[in-house]
Amino acid sequence: MCESSMNTQNGDRPFFDFLESSLRHKAEMVALEAARKITEMDVTSRELAPAITLLQLYLSSSKPVLRFAAVRTLNKVARTRPLAVTNCNVDLESLLSDQNRSIATLAITTLLKTGNESSVDRLIKQITLFMSDIADEFKIVVVEAIRSLCLKFPLKYRSMLNFLSNSLREEGGFEYKKAIVDSIVTLVSEIPDAKEIGLLHLCEFIEDCEFTYLSSQVTTIIMLLLITRPVGGKTVLGHCIKKKTFSHRSSKPPNP
């Protein structure tokens with residue numbers, strides 16, 4: 001396949017031409033594999049388009065295996081070439097209610113990669129309804145995608161921090177809550193305007209946190225952030241003191 005990528009650039013492309021013709025193969029799995037291989041090659045947007053079109057078609061297939069394979073491939077493409085996948089957004093949104101939660105999770109994380117700034121608020125509303133139906137392992141994937149989206153569109157930090165804060169109040173295991181905390185800390189560190197509201201969310205989390213070890217870690221993080229990058233005024237520090245944020249003691253992490 002590496003050789004075929006070089007051939008694509010040089011004009012001599014027997015492997016690419018074979019794969020492109022295989023997109024029309026009567027066997028669905030053969031066509032799907034051809035599309036997947038093309039997405040991994042160094043091709044132009046025009047050359048990539050037929051493969052994306054086929055994958056988009058399979059998103060509405062009645063066969064779960066085809067839907068899963070198609071959305072997984074599109075998810076990978078969206079990491080490096082999100083614009084190539086934007087035409088699939090309507091079909092991806094229809095998968096949010098898919099009974100297969102793996103498919104639904106891949107769909108929402110793909111949408112988070114391909115969405116634009118104007119679609120952020122709508123996506124957040126859809127995700128809020130979606131989160132209660134999936135396991136923690138899938139929720140962590142969504143949280144990490146939210147973090148990446150916020151770094152991409154920092155002006156939307158309020159809605160995304162509110163989403164993360166609300167998620168902290170919902171039921172969930174240690175790893176899930178830690179993923180949310182890590183995401184908030186990243187946003188607070190990378191987006192100056194998000195610092196005060198982000199720290200306030202962390203302070204509120206500590207008050208009702210059921211994981212003492214995580215609570216202790218968050219306390220330390222808040223103190224370090226306030227020392228190294230003070231927030232204007234006494235708003236955050238005063239709130240933390242009022243909530244007795246700094247009264248928590250360190251403890252051992254939960255047993256795996």
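Colleague: At what angle do helix H5 and helix H7 pack, and how far apart are their axes?
Modeller: Keep in mind that this is a predicted model. Here H5 covers residues 64–80 and H7 covers residues 101–114. The two helices pack at an angle of about 25°, and their axes are 9 Å apart.

Colleague: What does that make H5 relative to H7, roughly parallel or roughly antiparallel?
Modeller: The angle is about 25°. Angles under 35 degrees count as roughly parallel. Therefore H5 with respect to H7 is roughly parallel.

Colleague: Which hand does the crossing of H5 and H7 have, left or right?
Modeller: Take H5 as it passes H7. The crossing is left-handed.

Colleague: Which residues of H7 does H5 meet?
Modeller: From the H5 side come Pro64, Arg67, Phe68, Val71, Arg72, Leu74, Asn75, Ala78 and Arg79. Sorted by class, the contact of H5 with H7 has eight nonpolar, five polar and four charged residues. The H7 residues that H5 meets are Ser102, Ile103, Leu106, Ala107, Thr109, Thr110, Lys113 and Thr114.

Colleague: Now H3 and H4: is H3 oblique or roughly parallel to H4?
Modeller: Helix H3 (residues 28–39) and helix H4 (residues 45–58) have axes 9 Å apart and pack at an angle of about 135°. Angles over 145 count as roughly antiparallel and 65 to 115 as roughly perpendicular, with the rest left as oblique once those under 35 degrees are set aside. At about 135°, H3 therefore sits relative to H4 as oblique.

Colleague: How many nonpolar, polar and charged residues does the contact of H3 with H4 have?
Modeller: H3 passes H4 in a left-handed crossing. On the H3 side the contact is made by Glu28, Ala31, Leu32, Ala35, Ile38 and Thr39, and on the H4 side by Glu47, Leu48, Ala51, Leu54, Leu55 and Tyr58. By class that contact has nine nonpolar, one polar and two charged residues.

Colleague: How far apart in space are leucine 19 and alanine 34?
Modeller: Leucine 19 is found in helix H2, residues 14–22. With a relative accessibility of 8%, leucine 19 counts as buried, because buried means under 20%. Alanine 34 is 15 residues from leucine 19 in sequence, and C-alpha to C-alpha the two are separated by 5.2 Å.

Colleague: Is lysine 152 buried or partly exposed?
Modeller: Lysine 152 is found in helix H9, residues 136–152. Its relative accessibility is 42%. Buried means under 20% and exposed means over 50%, so lysine 152 counts as partly exposed.

Colleague: Which residues is lysine 152 in contact with, leaving aside its neighbours within four places in sequence?
Modeller: For the wider setting, the C-alpha atoms of lysine 152 and glutamate 117 are separated by 8.7 Å, with their positions 35 residues apart along the chain. As for contacts beyond those sequence neighbours, lysine 152 has Lys113 and Gly115.

Colleague: How many disulfides does the structure hold?
Modeller: Cysteine 88 is buried, at a relative accessible area of 0%. Cysteine 150 counts as buried too, with 0% relative accessibility. As for disulfides, the structure holds zero.

Colleague: Stepping back, how many helices and strands does the protein have?
Modeller: Of the 256 residues in the protein, buried ones make up 46%. Among contacts with a separation of 6 or more, 62% are between residues 24 or more positions apart. From the N terminus on, the elements run α-α-α-α-α-α-α-α-α-α-α-α-α-α. The count is 14 helices and zero strands.

Note on methods. Residues are numbered from 1 along each chain as its sequence is written. This is a predicted model: local features need pLDDT of at least 70, side-chain atom pairs count only at pLDDT 80 or more; totals for chains, interfaces and linings use all residues. Side-chain values use heavy atoms; hydrogens and water are left out. Axes are lines fitted to C-alpha atoms, for helices over the stretch in contact, and angles run from 0 to 180 degrees between N-to-C directions. Helices (H or I, at least four residues) and strands (E, at least two) are DSSP runs, numbered from the N terminus. A crossing is left-handed if the near helix is turned anticlockwise from the far one by less than a right angle, and right-handed if clockwise. Contact means heavy atoms within 4.5 Å. Ala, Val, Leu, Ile, Met, Phe, Trp, Tyr, Cys and Pro count as nonpolar, Asp, Glu, Lys and Arg as charged, and the others, Gly among them, as polar. A disulfide is a pair of cysteine sulfur atoms within 2.5 Å. Buried means under 20% relative accessible area, exposed over 50%, partly exposed in between (1.4 Å probe, protein chains only).
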